[in-house]
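Q: I am new to this structure. Please look closely at one helix-to-helix contact and then at its surroundings.

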Amino acid sequence: MDDAGAKLVDAALAALLSSVDPHGDPREFLGAQFDAGLAWVSFPVGLGGLDISVEWQTYVNERISAADGPSGFAGNPLGYGMGGPTVLAHGTPQQQERLLRPLFTGEEIWCQLFSEPSAGSDLANVSTRARQEGDEWVIDGQKVWTSWGHVARWGMLLARTDPDVPKHRGLTYFICDMTTPGVEVRPLRQMTGNAEFNEVYFTEARISDSMRLDAIGAGWAVALTTLSNERYMLSEGLSAEPALATAIELWRARADRDSPEAIVLRDRLVDLHVRIRANRLTMRRGDALRDAGDVGPQGSIAKLNTVRLNQAATELCVDLLGEEGMLFGSYSLADAELNDYGYDTPMRAYLRARANSIEGGTSEILHNILGERVLGLPAEPRVDKDISWRVAATH
Amino acid sequence: MDDAGAKLVDAALAALLSSVDPHGDPREFLGAQFDAGLAWVSFPVGLGGLDISVEWQTYVNERISAADGPSGFAGNPLGYGMGGPTVLAHGTPQQQERLLRPLFTGEEIWCQLFSEPSAGSDLANVSTRARQEGDEWVIDGQKVWTSWGHVARWGMLLARTDPDVPKHRGLTYFICDMTTPGVEVRPLRQMTGNAEFNEVYFTEARISDSMRLDAIGAGWAVALTTLSNERYMLSEGLSAEPALATAIELWRARADRDSPEAIVLRDRLVDLHVRIRANRLTMRRGDALRDAGDVGPQGSIAKLNTVRLNQAATELCVDLLGEEGMLFGSYSLADAELNDYGYDTPMRAYLRARANSIEGGTSEILHNILGERVLGLPAEPRVDKDISWRVAATH
Amino acid sequence: MASTQPVLLRPEHDELRTSVRKFLADTSPESAVRAVMETATGYDPDVWRRACDELGLAALIVPEQYGGGGYSFVEIGVVLEESGRVLWPSPLFATAVLATTAILSSQDLEAAADYLPPIAAGTLRATVATSGALVATRTNGTWQVTGTSSYVIDGHTAELVLVFAETEAGLSLFAVNGDAAGLTREAQSTMDLTRKLAAVCLEATPARLVGTEGAGADLLERVLAAAAVALAAEQVGGAQRLLELTVDYVKDRKQFGRAIGSFQAVKHRCADMLVDVETARAVMVHALWSVATDSDELAEDAATAKVFCSDAYLSCAGAAIQLHGGIGFTWEHSAHLFFKRAKTSQLIFGHPVHHRRHLGDLLDL
Amino acid sequence: MASTQPVLLRPEHDELRTSVRKFLADTSPESAVRAVMETATGYDPDVWRRACDELGLAALIVPEQYGGGGYSFVEIGVVLEESGRVLWPSPLFATAVLATTAILSSQDLEAAADYLPPIAAGTLRATVATSGALVATRTNGTWQVTGTSSYVIDGHTAELVLVFAETEAGLSLFAVNGDAAGLTREAQSTMDLTRKLAAVCLEATPARLVGTEGAGADLLERVLAAAAVALAAEQVGGAQRLLELTVDYVKDRKQFGRAIGSFQAVKHRCADMLVDVETARAVMVHALWSVATDSDELAEDAATAKVFCSDAYLSCAGAAIQLHGGIGFTWEHSAHLFFKRAKTSQLIFGHPVHHRRHLGDLLDL
């Protein structure tokens with residue numbers, strides 16, 4: 001982080017904060033932040049950036065939140081965290097021009113249209129079809145696990161344009177207007193009773209070829225750009241710390257802290273404290289390595305750790321409550337009634353945590369990634385390699 | 001278990017115990033027991049049996065041990081448990097005539113010559129060669145993990161007679177005279193310092209074709225007979241009960257039983273007690289089902305449970321000793337100095353238990369067996385199926 | 001240590017199992033369970049009536065002289081396994097296990113004569129409140145109980161509530177009518193919608209002493225032991241069902257061109273479910289015989305069953321959700337219904353940590 | 001909670017690591033380790049001398065005014081990681097970590113001036129006895145210590161033994177010469193042959209008070225904290241080595257026509273080893289800085305390191321044996337040497353159960 005960067009950033013921040021009121025209309029402020037090149041500082045000038053090292057973004061965010069300014073991430077996390085970088089890496093100047101600013105200001109929320117009922121861990125197996133008709137594409141199929149789908153204007157859509165080549169090669173990536181006729185979003189209720197996710201149905205929905213990202217058949221490469229940003233986002237978003245804090249409160253609230261039962265639970269609690277502290281240090285280590293330009297395996301490692309720890313910590317909370325742990329607020333609760341972490345009781349957090357080891361890459365897939373990409377262990381024999389998707393899907 | 005059987009058995013037992021002194025020369029007694037058909041009651045008359053249900057054997061053994069008689073199993077477990085049944089199922093009358101009686105009396109101890117450095121979990125991959133020369137076979141190769149090898153007269157040998165067919169089809173089963181020139185037995189020292197096992201080297205060792213068991217190329221089928229008896233034997237032999245008893249003693253011996261540390265260890269101890277009791281009931285259930293003629297998966301389940309439990313129980317013993325757990329008797333200890341369970345200290349038992357999850361089928365293989373044979377889950381894609389062993393082994 | 005209790009069921013138990021399974025398949029498919037779990041009462045009166053009339057489930061362990069089937073705890077164990085297998089929401093557990101066991105164990109012949117015949121006939125739904133600190137006082141010959149007990153199974157719908165309250169002679173069992181003065185019941189909103197709990201509040205509520213005054217402590221221990229073993233039967237039934245659902249799914253579900261059940265990560269976890277189920281079954285069947293024969297080791301067997309079967313069921317439920325992937329986390333899929341039952345049945349009547357402590361005491365550790 | 005201690009080493013540490021690794025590869029290959037571990041003294045005097053002369057390992061954290069390198073605990077952590085990686089049997093841990101830390105922390109300038117220069121020069125091998133109940137009495141000006149302390153690292157060979165003994169003022173640190181009257185040392189036969197332990201018995205043995213009388217309790221806590229963090233560095237070095245050995249083996253070892261590392265059961269267990277190693281490394285590096293800067297959170301960081309790194313090392317060692325199959329259980333293979341170090345370094349200076357209790361107290365739980 002050099003002085004040149006420091007000068008640029010400080011100047012831009014000063015100008016921004018003096019010209020727009022951080023407490024005013026957030027969209028106006030975010031628009032000005034984009035124009036000042038402080039949206040994604042590593043992006044080119046004119047596209048929300050200053051073309052400087054990404055490390056400066058943390059500093060910018062701290063300064064703005066210190067001034068009570070709004071966050072471009074909070075209201076549109078998938079857009080800011082995944083959509084922006086993907087459009088920058090693979091989009092045309094026109095697409096970047098059209099999409100980035102309203103994405104950052106939150107005028108246009110984004111969602112992700114990758115997973116399907118038959119394309120979960122095997123993401124490249126998507127069967128949603130895109131057929132070209134003149135300068136339009138006609139989409140038919142179904143997507144699932146779409147968070148933000150019910151409020152999104154744009155969806156990052158991975159669709160199959162050529163079923164007759166091996167599955168990774170027949171995919172194309174589109175930016176889909178969620179308001180187009182033929183796109184139907186249905187909420188998907190979870191075991192918590194809440195509906196964070198949606199199913200999205202496409203019936204002859206039409207997308208202009210101008211909203212195709214990168215080449216026809218290049219969809220998998222584009223999707224990998226999106227996914228690499230997803231895993232990083234998740235390890236940031238998912239945390240066992242709130243559950244640990246709750247467990248500590250609940251343990252302190254027990255009247256029988258000297259009983260053998262409580263002493264055994266205390267040992268579990270302290271052990272969790274140790275492992276969560278260890279995981280926190282691992283994440284800090286990963287960030288420090290990344291800042292030093294060395295991307296280690298800490299991201300996937302932290303995801304695996306965090307999943308186990310959050311499931312264990314939320315369970316300990318319920319166990320600390322004993323019989324009271326059998327109670328549950330309501331299964332038909334509006335999300336509005338939930339607290340910052342999205343939970344009203346430790347029991348809801350406990351149930352919600354069951355999905356941690358599935359969402360954003362199952363723990364099984366993460367083990368494969370660590371074993372194969374980090375340790376260099378050989379892959380499983382692949383039975384579907386080099387066969388056309390149509391053949392593989394029907395065998 | 002019908003009355004006819006009862007009459008037969010009681011008569012034979014009465015005759016045996018009245019004619020031979022159970023406290024006398026064990027070989028003489030065991031010889032008489034064989035001749036009385038009480039060696040393997042389910043075997044044919046004249047071959048150590050009475051041709052009646054195997055369930056009577058337990059009764060016979062109880063009666064004889066009540067009379068302080070010797071055991072045909074104790075001094076030659078592999079021979080009695082695996083060799084006998086294999087010779088009966090696949091041997092010629094001459095072979096049965098020659099081998100069974102001295103096997104049971106313990107005059108001729110048996111060992112197993114299956115595993116090789118490159119044939120562990122993948123047992124059918126044996127590379128020890130047997131080449132036919134006239135009415136003899138010439139053996140070259142190496143076997144490993146051979147317990148009793150240093151004292152055995154006969155070895156159950158699985159050797160490759162045809163390298164040019166798929167691996168399961170090119171194997172032949174021999175009864176190898178361990179005193180033959182060209183057979184060298186070397187003790188194999190373990191991490192405990194003891195040497196329970198041996199390596200066996202074959203250099204142009206010659207076996208008469210009359211000691212071949214079943215047809216040329218039928219070795220794998222014969223080996224399966226041996227193995228089915230091995231798994232049963234192991235689940236009988238291996239037990240976590242001694243370690244649990246030790247752990248209970250060690251916990252009771254602690255002066256600080258009211259300390260938080262001790263209370264936490266006590267919870268671990270009781271949890272082990274619960275799981276070991278549960279495993280004991282599972283084994284009893286397996287036996288009861290077998291007696292009722294229904295062979296369930298309890299054998300493999302008990303092996304998996306017992307392995308985990310013995311490793312956990314022996315570790316708890318060491319943890320209960322605290323710093324004293326850092327000490328170790330001697331790594332150059334004669335087996336004679338060991339107690340009934342083969343251990344002088346909990347630390348030796350702890351180290352020995354590391355092998356439990358490897359010997360007699362690794363826990364990974366047992367999981368495959370339960371998943372595929374019991375639950376009917378599909379096997380892994382097999383890359384070495386239907387290829388000649390020679391090709392598969394060199395690729 | 002080497003108990004001689006049986007570890008197998010008898011052939012005749014298969015017939016009982018078959019008829020119960022068929023009855024529940026007809027009357028309580030998952031759609032019906034989901035409908036009933038959304039109701040306030042939490043059971044279907046018609047199905048319960050048929051269960052009593054056609055199969056005599058409420059009467060099973062009631063002695064014949066009280067119009068019951070005179071069967072042992074082993075038989076009701078078989079029924080509970082089937083009811084746990086489909087999460088049957090019904091008065092079975094509270095009425096036919098808890099209340100019936102409490103009344104029988106109290107050795108109060110009058111109470112037995114008054115309460116057991118209607119229970120057997122299915123015309124009286126009862127329950128037992130095992131927690132809370134209640135006090136009973138006698139004023140001119142009649143007992144009055146005051147205090148609150150929470151987490152009472154079917155406590156808001158039971159027509160007869162048996163409670164444990166302290167008298168000068170010690171803990172004692174009392175019977176309280178559902179419509180008694182000063183009795184208020186409040187349904188509690190539960191994680192497991194297929195099993196309703198209520199807080200039962202008594203204010204100088206007239207009650208009838210059941211059994212000997214002061215004999216409540218032993219009675220409570222006996223009821224809790226039976227409850228733990230009955231839960232174990234439900235837990236094994238549920239875990240077995242989860243194993244079947246999961247194995248079917250991973251055989252059918254393809255990813256990367258293979259059934260996911262062919263991947264060791266999935267296959268081995270299924271194998272661990274099998275290990276849990278089969279081991280829990282051995283513990284459970286043995287404990288059923290132990291209750292049926294009033295074994296000396298009943299306390300140990302009950303604690304062992306509560307610890308082992310609770311944990312086994314919960315880990316099977318966790319594995320089932322994981323191996324089903326996202327679909328296993330949805331409301332539409334049945335996995336979460338079992339998961340919630342697994343977790344709550346681990347917590348009710350004492351967490352395994354508590355039972356390990358208790359077992360340690362029994363083992364003189 | 002949000003500590004600001006660094007979680008990375010510095011570039012210059014790589015140079016130190018490289019030179020130490022090369023030195024140990026030359027002087028302590030596995031064959032040499034196996035030879036030394038069968039000796040009574042348990043170290044190679046020539047190698048130790050070269051380590052002191054060529055690399056100044058004994059002098060590393062000794063301040064320059066005492067002829068030391070004046071480096072921080074972070075640097076010795078790097079050396080310990082390398083020494084743990086090859087299970088180097090040497091006086092390093094007892095002399096350069098335990099004794100040096102005790103003397104430095106005692107702030108006894110005379111003792112420092114007398115003992116640190118020879119320690120730095122490699123001419124004095126020392127250790128600290130942390131356990132046992134010893135008593136010190138002063139008779140006409142000279143102290144005498146009586147009592148026994150067991151499990152003292154290098155206790156049978158150290159030329160200077162620092163012991164903690166009770167005086168009227170409380171626990172205090174004393175220095176005892178290896179040839180002092182009434183001092184007997186007995187080697188204990190250890191599970192881990194690469195680290196020798198001894199019982200040290202003092203009978204009215206003349207001793208020198210080090211630091212302030214009665215200041216021993218804080219001093220002992222400080223020494224134990226440093227010891228726990230130093231162990232963590234060794235543990236991470238050993239676990240990292242086990243991961244490398246195992247990954248190499250499962251890539252090479254074929255069964256069923258495939259490298260066994262391609263099977264998920266093996267691959268995922270290797271991944272879990274990686275998770276353990278990388279997480280333990282973050283904890284360890286952070287704790288090294290915490291010792292080096294005498295952080296307020298040192299006690300918490302040390303307890304966290306002892307619990308986490310001990311367990312991580314042991315599970316890596318267990319996995320390494322399992323994934324090597326039968327060969328991993330043999331005396332010839334190196335896996336068991338690491339396994340024995342892993343288990344004993346989990347037990348020494350307090351089992352994780354003890355450190356969790358202590359940490360709970362620190363966290364006011």
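A: The answer starts at that contact and then moves outward.

This is a predicted model, in which local features need pLDDT of at least 70, side-chain atom pairs count only at pLDDT 80 or more, and totals for chains, interfaces and linings use all residues. Residues are numbered from 1 along each chain as its sequence is written, while chains are lettered from A and ligands numbered from 1 in the order in which they are written.

Two packed helices are described by the angle between their axes and the distance between the axes. Here the pair is α8 (residues 260-291) of chain A and α11 (residues 352-362) of chain D. Helices are DSSP runs of H or I, at least four residues long, numbered from the N terminus. The angle is about 85°, and the axes are 9 Å apart. Axes are lines fitted to C-alpha atoms over the stretch in contact, with angles from 0 to 180 degrees between N-to-C directions. α8(A) and α11(D) therefore count as roughly perpendicular, a label for angles of 65 to 115 degrees.

Which residues of α8(A) and α11(D) meet? α8(A) brings A:R266, A:D267, A:V270, A:D271 and A:V274. α11(D) answers with D:V353, D:R356, D:L359 and D:G360. A contact means C-beta atoms, placed from the backbone, within 7 Å. By class, this one has four nonpolar, one polar and four charged residues. Nonpolar means Ala, Val, Leu, Ile, Met, Phe, Trp, Tyr, Cys and Pro; charged means Asp, Glu, Lys and Arg; the others, Gly among them, are polar.

D:L359 has a further partner, D:A303. D:A303 sits in α9 (residues 298-324) of chain D. Leaving out residues up to four places away in sequence, D:A303 also touches D:H355, D:H358 and D:L362. D:A303 counts as buried because it has 29 C-beta neighbours inside 10 Å. The cut-off for buried is 20 or more other C-beta atoms within 10 Å; exposed is 12 or fewer, and partly exposed is in between. D:G182 is 121 residues from D:A303 along the chain, and their C-alpha atoms are separated by 36 Å.

Now take the whole contact between chains D and A. Chain D gives 28 residues and chain A gives 34. On the chain D side, α7 (216-252), α8 (264-292), α9 and α11 each supply at least two residues. α8(D) gives the most, with 11 residues. That side of chain D divides into 17 nonpolar, seven polar and four charged residues.

Chain D also touches chain B. Here 34 residues come from chain B and 29 from chain D. On the chain B side, α8 (260-291), α9 (298-321) and α11 (363-374) each supply at least two residues. The largest share there, four residues, comes from α8(B). By class, that side of chain B has 15 nonpolar, 10 polar and nine charged residues.

Last comes the nonpolar core: buried Ala, Val, Leu, Ile, Met, Phe, Trp, Tyr and Cys residues joined through C-beta atoms within 7 Å. The largest core has 360 residues. Those touching the most other members include A:A247, B:A247, C:F174 and D:L162. Beyond its neighbours within four places in sequence, B:A247 is in contact with B:L269, B:L272, B:A313, B:L316, B:C317 and B:L320. Another core, of 60 residues, lies apart from the largest one, with A:A36 and A:F43 among its members.

Notes:
Contact = placed C-beta atoms within 7 Å. Parallel < 35°, antiparallel > 145°, perpendicular 65-115°, else oblique.
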